[in-house]
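Hi everyone, thanks for coming. Let's have a look at today's structure together, and I'll walk you through how the pieces fit.

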Amino acid sequence: MTVSGRPVLLVEDEALIAALAADILDELGFSVVEVGSAKAAMDFAQTRIDDVQVAIIDLGLPDRKGDELVSDLRAMRADLPVVIATGYGADAVRGRLKGEEGIVILTKPYDISHLRAALGELKLPCAPNGYDPAAAARQ
């Protein structure tokens, strides 16, 4: 059960965290496009920004700050829902985002319940608890 055919744009430079996040998103019923840099995210967005259901962006990318990437993506699509994943405190990050709507801060480390809650704040439907994507694929 994929909850939407529209992908999640996952922007994370740490391979282990990206793999974990992609697995969690798969369990929640989302298709995922993984990129490891702000440049790769912008390259993808140039042609596919309208396809993206939500962007999950690491704040500490190697080539650009995540909040700057959010601004660039939002310049292309103002209503893009965004989850900012960060190891910093949520209050410090909120100040950098100037009170923009449709942005949720997710502190690292996070698990499936935290990511589900963040997506829920953005009113994005997730697959039910206990959803097994491998079993669904076999059906």
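Let me start with one pair: helix 2 and helix 3 pack at an angle of about 5°, and their axes are 11 Å apart. Helices here are DSSP runs of H or I with at least four residues, strands are runs of E with at least two, and both are numbered from the N terminus. The axes are lines fitted to C-alpha atoms, for helices over the stretch in contact, and the angles run from 0 to 180 degrees between N-to-C directions. Angles under 35 degrees count as roughly parallel, over 145 as roughly antiparallel, 65 to 115 as roughly perpendicular, and the rest as oblique. So helix 2 and helix 3 are roughly parallel to each other.

Before I go on, this is a predicted model, where local features need pLDDT of at least 70 and side-chain atom pairs count only at pLDDT 80 or more, while totals for chains, interfaces and linings use all residues. Residues are numbered from 1 along each chain as its sequence is written, and side-chain values use heavy atoms, with hydrogens and water left out.

Who meets whom between those two helices? On the helix 2 side we have Ala38, Ala41, Met42, Ala45 and Gln46, and they meet Leu69, Asp72, Leu73 and Met76 of helix 3. Contact means heavy atoms within 4.5 Å.

Staying with helix 3, residues 66-76, its buried residues are Gly66, Asp67, Leu69, Val70, Leu73 and Arg74. They sit on the same side of helix 3, because they cover an arc of only 150° around the axis, taking the directions from the axis to the C-beta atoms. Buried is under 20% relative accessible area, exposed is over 50%, and partly exposed is in between, with a 1.4 Å probe and protein chains only.

Now the sheet. It's open, with 5 strands in the order 2-1-3-4-5 and parallel pairing; two strands pair if DSSP finds at least two bridges between them. Strand 2 (32-35) and strand 5 (103-107) are at the edges with a single partner strand each, so one side of each has no neighbour in the sheet. From one strand to the next, the twist averages 20°.

Strand 1, residues 8-11, pairs with strand 2 over 4 bridges, and leucine 10 has glutamate 34 in strand 2 as its bridge partner. Helix 2, residues 38-48, lies across both strand 1 and strand 2, at about 160° to strand 1.

Zooming out, the protein has 6 helices and 5 strands.
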